[in-house]
Amino acid sequence: MRLELIAKFSGAEADLHHVPAYEAVETLYGVARSLIIPINYLAEGRVRYKNYGYNGYKINLVTNRPGSFETVFEVLLNLDLMTVTGGLALGVFGNFATDIIKTVYRRTIGRPGEDSISRLTETGVLKGGDIDAMVDAVEPAVRKAHTSIGKGANNIVIISGDNNVVRFDRTTKEYVNTSVNDQEIRSKRFSVGSFNANDNTGRVYDSDLGRTVAFQINKGSDIETIRAISNSIGSYALSRAGAQTAYGVALKYTRMLDMEGRVKKIFVIKARKELDEL
């Protein structure tokens, strides 16, 4: 199956059929990366932030259309290898895939997603946490896709057939570049999915949200915090190998939110094995 998506630049210099090269390349990189994440989810059935397998799909940059500033992407899907189909017949899978892409893009800029995807999450055919996780995963790429806004173009519209998938403009650029720091100190149990000891960052699974959330350990946190997080991910690895071991960790933290209140990141003040030790 082939899906075609067009990134159309308009306004300012784009109407003269040129935009600054660096900003345009950064924008197209953002569009490409933001397409990979939902397409890879359809193929693999999990949300990845990196290390994409490209199994069952390809995303190609096809052409720049002469006489306008439009760049064409093609998505090639092997339907036999798709893991997430929404319970739909293969004949309408293209509409489902497009609706997933629309929903992720629109949720990232604070707009409602497609009703068809909402119905599938309400009935449990799709996991609502997976949609939230994709929104979280594509946000950096969507910020990058706004690079040309105000720097050569006023609008970027991604089009599939006769439908606008999403429109980026100055308002959406402000939205994706704005974060709200919630300084209320909270405590809760998480499980650690990844941890980079070099920069004290990683991801934890929040069972209430049904998805992973990025975290950063605050400067000045004690050595026991590092130990508790390291022990948690070590126990998680053992459990994946079949060991009967608990791998949760209790965190005291603050949050970074988007303008709609979605948790983008947490900042760890203290970590211990149990909540009553915080």
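This is a short talk on one buried histidine and on the salt bridges in this structure.

Good morning. One caution before we start: the model is predicted.

Let's begin with His146. Where does His146 lie? Find helix α4, residues 128–145, and strand β4, residues 155–160. His146 sits in the loop between them.

Is His146 buried or exposed? Its relative accessibility is 0%, so His146 counts as buried. The cut-off for buried is under 20%.

What surrounds His146? Set aside the neighbours within four places in sequence. His146 is then in contact with Thr27, Ile109, Phe168, Asp169, Thr172, Lys173 and Val176. Pick out Thr172 from that list. The side chains of His146 and Thr172 are joined by a polar contact of 2.8 Å.

Now to charges. Side chains of opposite charge can pair when their charged atoms come close. How many salt bridges does a search of the whole structure find? The count is 21. I'll take three pairs, then a network.

Pair one is Glu74 with Arg2. Their side chains meet in a salt bridge, 2.7 Å from N to O. Glu74 is in strand β3, residues 70–77, and Arg2 is in strand β1, residues 2–10, so this pair ties together parts that are 72 residues apart in sequence. Glu74 counts as buried because its relative accessibility is 15%. Arg2 has 44%, so Arg2 counts as partly exposed.

Pair two is Lys144 with Glu26. Here the side chains meet in a salt bridge at 3.0 Å, N to O. This pair links distant parts of the chain, 118 residues apart. Lys144 belongs to helix α4, and Glu26 to helix α1, residues 21–44. With 29% relative accessibility, Lys144 counts as partly exposed. Glu26, at 16%, counts as buried.

Pair three is Asp222 with Arg272. In this salt bridge the closest N and O atoms are 2.6 Å apart. Again, distant parts of the chain are linked, 50 residues apart. Asp222 is in the loop between β8 (211–217) and α6 (223–240). Arg272 is in strand β10, residues 263–272. Asp222 counts as partly exposed at 32% relative accessibility. Arg272 counts as buried at 15%.

Last, the network. Which residues are linked in a network of salt bridges? They are Asp136, Glu139, Arg143, Arg203, Asp258, Arg262 and Lys264. Try tracing them on the structure above.

To recap: His146 is buried in its loop, and the search finds 21 salt bridges. Thank you.

Conventions: Residues numbered from 1 in each chain as written. Predicted model: local features only at pLDDT ≥ 70, side-chain atom pairs only at ≥ 80, totals over all residues. Heavy atoms only, no water. Helix = DSSP H or I, 4+ residues; strand = E, 2+ residues; numbered from the N terminus. Buried < 20%, exposed > 50% of the residue type's maximum accessible area, 1.4 Å probe, protein only. Polar contact = N/O pair within 3.5 Å; in protein donor to acceptor, adjacent residues only side chain to side chain. Contact = heavy atoms within 4.5 Å. Salt bridge = Lys/Arg side-chain N within 4 Å of Asp/Glu carboxyl O.
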